[in-house]
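Trainee: Could you take a close look with me at one part of this chain, a loop and what surrounds it in the fold? I would like one connected account, please.

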Amino acid sequence: MSGNGVGDGPNNGNGARTIDSRPVSRISISLPEELLTELDQMVEDRGFQSRSQAINDMLHQFLVEHKRERGDEVMVGIITVYYDNTANGLQKQLADLQYRYIDECISSLHIHLAHNQTMEVVLVQGPARKLQAIADEMVTKRGVIAGKIQLMAAVIPPLHPFSGD
């Protein structure tokens, strides 16, 4: 496997390495042999181009989770809810909840599945702690089979600048 060092991206012309046109820093880490073997296997299994790319991906996910746990950062994500659509009033409760949090619930899509089941995906943006509270409220409704929130450290740009006039 080639290119396993950190900063494997192309040279930007002045000697600094880049990833997706962003300057990167080279670091060194020490790992137990067993962990390194598992890392190399994962790099191969998932098709990463290098250890650096895999470690960058894992570190990014870990930092997003850290930001989510802190709760004060605005993030974007999805809440996925899988539910029994025969549960009395559940669809209305979910719609009402999204309306109540209209500033955070950007859009939703629901898909009817087999056996009277539905999957609903809600695009959300806002402070991580508030998004987690919305997800918790959705997932704990009677009739919900499963649910999950997935957040990213990004924001949706304003679609229509509002002057307030």
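Mentor: Happy to. Let's start with Asn116, which sits in the loop between β4 and β5. Keep in mind that this is a predicted model. The backbone is what catches the eye here: phi of Asn116 is near 55 degrees, a positive value in a residue other than glycine. As background, most residues other than glycine have a negative phi. Asn116 has a relative accessible area of 46%, so it counts as partly exposed.

His115 is found in the loop between β4 and β5 as well. His115 is not a glycine either, and its phi is positive, at about 60 degrees. With a relative accessible area of 72%, His115 is classed as exposed, because the cut-off for that class is over 50%. The strand β5 covers residues 117–127.

Now let's step to the other end of β4, a strand that spans residues 105–113. Glu104 belongs to the loop between α3 and β4, and its salt-bridge partner Lys130 is in helix α4, 26 residues apart, so to speak of distant parts of the chain being linked is fair. The side chains of Glu104 and Lys130 come to 3.2 Å, N to O. The two partners differ in cover: Glu104 has 9% relative accessibility and counts as buried, whereas Lys130, at 35%, counts as partly exposed.

Helix α4 takes part in another such pair. Glu137 forms a salt bridge with Arg100, and their closest N and O atoms are 2.2 Å apart. Here Glu137 lies in helix α4 (residues 128–139) and Arg100 in helix α3 (residues 90–100), a link between parts of the chain that are 37 residues apart. Glu137 is partly exposed, with 24% relative accessible area.

A further salt bridge joins two other helices. Arg46 and Asp57 meet through their side chains at 3.8 Å, N to O. Arg46 is in helix α1 and Asp57 in helix α2 (residues 51–70), so this pair ties together parts that are eleven residues apart in sequence. Arg46 counts as exposed at 52% relative accessibility, while Asp57, at 24%, counts as partly exposed. A search of the whole structure gives five salt bridges.

Ahead of α1 there is something of another character. Ile27, Ile29, Leu31 and Leu35 make a nonpolar surface patch of about 360 Å². One of these residues, Ile29, lies in the loop between β2 (22–23) and α1 (33–46). Ile29 has 49% relative accessibility and counts as partly exposed, because exposed would need over 50%.

To place all this in the whole fold, the chain has four helices and six strands, and along the sequence they follow the pattern β-β-α-α-β-α-β-β-α-β. Of the contacts in the chain with a separation of 6 or more, 62% come from residues 24 or more positions apart. Buried residues make up 25% of the 165 residues. The accessible surface of the chain is about 11,400 Å², and carbon and sulfur atoms account for 53% of that. If you return to the loop between β4 and β5, Asn116 and its positive phi are a good place to begin your own inspection.

Note on methods: Residues are numbered from 1 along each chain as its sequence is written. This is a predicted model: local features need pLDDT of at least 70, side-chain atom pairs count only at pLDDT 80 or more; totals for chains, interfaces and linings use all residues. Side-chain values use heavy atoms; hydrogens and water are left out. Patches are made of residues with over 30% relative accessible area and no salt bridge: like charges are joined within 9 Å, nonpolar side chains (Val, Leu, Ile, Met, Phe, Trp, Tyr) within 5 Å. Accessible areas come from the Shrake-Rupley method with a 1.4 Å probe; for residues, only the protein chains shown count as cover. A salt bridge is a side-chain nitrogen of Lys or Arg within 4 Å of a carboxyl oxygen of Asp or Glu. Buried means under 20% relative accessible area, exposed over 50%, partly exposed in between (1.4 Å probe, protein chains only). Contact means heavy atoms within 4.5 Å.
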